[in-house]
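Q: Please take a close look at one part of this structure, the sheet and what packs around it. I would like a connected description in plain terms.

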Amino acid sequence: MQIQYYKEPSRFLKREMEYKVFGHGGLPCLAFACEGGRFYDLEDHGMVAALAPLIESGQLQLFCADSIDGESWLGGGEGRQRSEMQERWFNYLTGELIPRVLQQNGGGHDKVLLLGCSLGAGHALNLYLRRPDLACGAVCLSGSYSAGDWFGDYSDDLTLRNSPLDYLPLLNADRLPRTPGSPLVLCCGRGPYEARFLASTRAMESALTARRMPAFVDYWGEDVTHDWPWWAKQAAYFLPQILKART
């Protein structure tokens, strides 16, 4: 498997940001780890291995993003500073990283598939909803979809902008992603440590249904825990279906 590591400056974040690329071609997939995660977590915790058949066959090229969750969603400082950091990171993704992903992929794609776990699933869904011009689909596993889960009682215009459960009811119909070629998958287990994320997934399903947004929502068994081994299995289950549907 071809593996490449990058560390590049970001004008939005005023620092160097790292990411890792797995594979030589195929559909570009931008992936986010769970809360506080790093760009190497998907490799260290078996996600890359689970997707290896797709990557090595040239069907999928996986780009693993780094997070700054520790300064935003997980930070202990003043709320506005945290929400501004989250928005800067979002702008880094849309204005810097995704253009680099499409450039490095070199496959003629103008959109990326999104994949995320836990808070990373919230990041993926947020990107999918806010920038449908950049996303050709999203697979969101055990997601947290409300900024209130992390910012507590604090809220402002930027926490709203990054809280899909709160802003989806407010979006104009013409801003909703409805392209048949942009599938949305939400999945969550019903086992240990999933209760909070299961509730968020059910709430997101209801919000999507209310807006008549097509999505496939799947609830796995009571043995399915909030952890990497299950996310790897879920990704290996859903991504081949998305790739097959594109052919």
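A: What follows goes from the sheet to a helix on it, then to some cysteines and a loop. The model is predicted.

Start with the sheet, which is open and has eight strands. Their order is β1-β2-β4-β3-β5-β6-β7-β8, and the pairing is mixed. At the edges are β1 (residues 3–10) and β8 (residues 216–219), each of which pairs on one side only. From one strand to the next, the twist averages 20°.

At the β8 edge, β7 and β8 run parallel and are joined by four bridges. Leu 186 stands opposite Val 217, which is in β8. Helix α5, made of residues 119–130, packs on the sheet. Helix α5 touches β3 (27–32), β5 (112–117), β6 (135–141) and β7. The direction of α5 makes about 150° with that of β5.

Helix α5 also packs with another helix, α4, which covers residues 79–105. The axes of α4 and α5 are 12 Å apart, and the angle between the two helices is about 65°. Angles from 65 to 115 degrees count as roughly perpendicular, so α4 and α5 fall in that class. Their crossing is right-handed. On the α4 side, the residues that meet α5 include Trp 89, Phe 90 and Leu 93. On the α5 side, His 123, Asn 126, Leu 127 and Arg 130 take part.

Now the cysteines. A disulfide is a covalent bond between the sulfur atoms of two cysteines. This structure holds zero disulfides. For Cys 117, the nearest cysteine sulfur belongs to Cys 34 and is 6.9 Å away. A disulfide needs the two sulfur atoms within 2.5 Å, so Cys 117 is in no disulfide. For Cys 140, the closest cysteine sulfur is that of Cys 117, at 9.7 Å, which is too far for a bond. Cys 117 is buried, with a relative accessible area of 0%, and Cys 140 is also buried at 0%.

Last comes the loop between β7 (184–188) and α9 (195–210), where Pro 192 is placed. Pro 192 has 41% relative accessibility. Partly exposed covers values between 20% and 50%, so Pro 192 counts as partly exposed. Leaving aside neighbours within four places in sequence, Pro 192 is in contact with Glu 222, Val 224, Thr 225 and His 226. Gln 241 is 49 residues from Pro 192 along the chain, and the C-alpha atoms of these two residues are separated by 27 Å.

How values were computed: Residues are numbered from 1 along each chain as its sequence is written. This is a predicted model: local features need pLDDT of at least 70, side-chain atom pairs count only at pLDDT 80 or more; totals for chains, interfaces and linings use all residues. Side-chain values use heavy atoms; hydrogens and water are left out. Buried means under 20% relative accessible area, exposed over 50%, partly exposed in between (1.4 Å probe, protein chains only). Contact means heavy atoms within 4.5 Å. Two strands pair if DSSP finds at least two bridges between them. Axes are lines fitted to C-alpha atoms, for helices over the stretch in contact, and angles run from 0 to 180 degrees between N-to-C directions. Angles under 35 degrees count as roughly parallel, over 145 as roughly antiparallel, 65 to 115 as roughly perpendicular and the rest as oblique. A crossing is left-handed if the near helix is turned anticlockwise from the far one by less than a right angle, and right-handed if clockwise.
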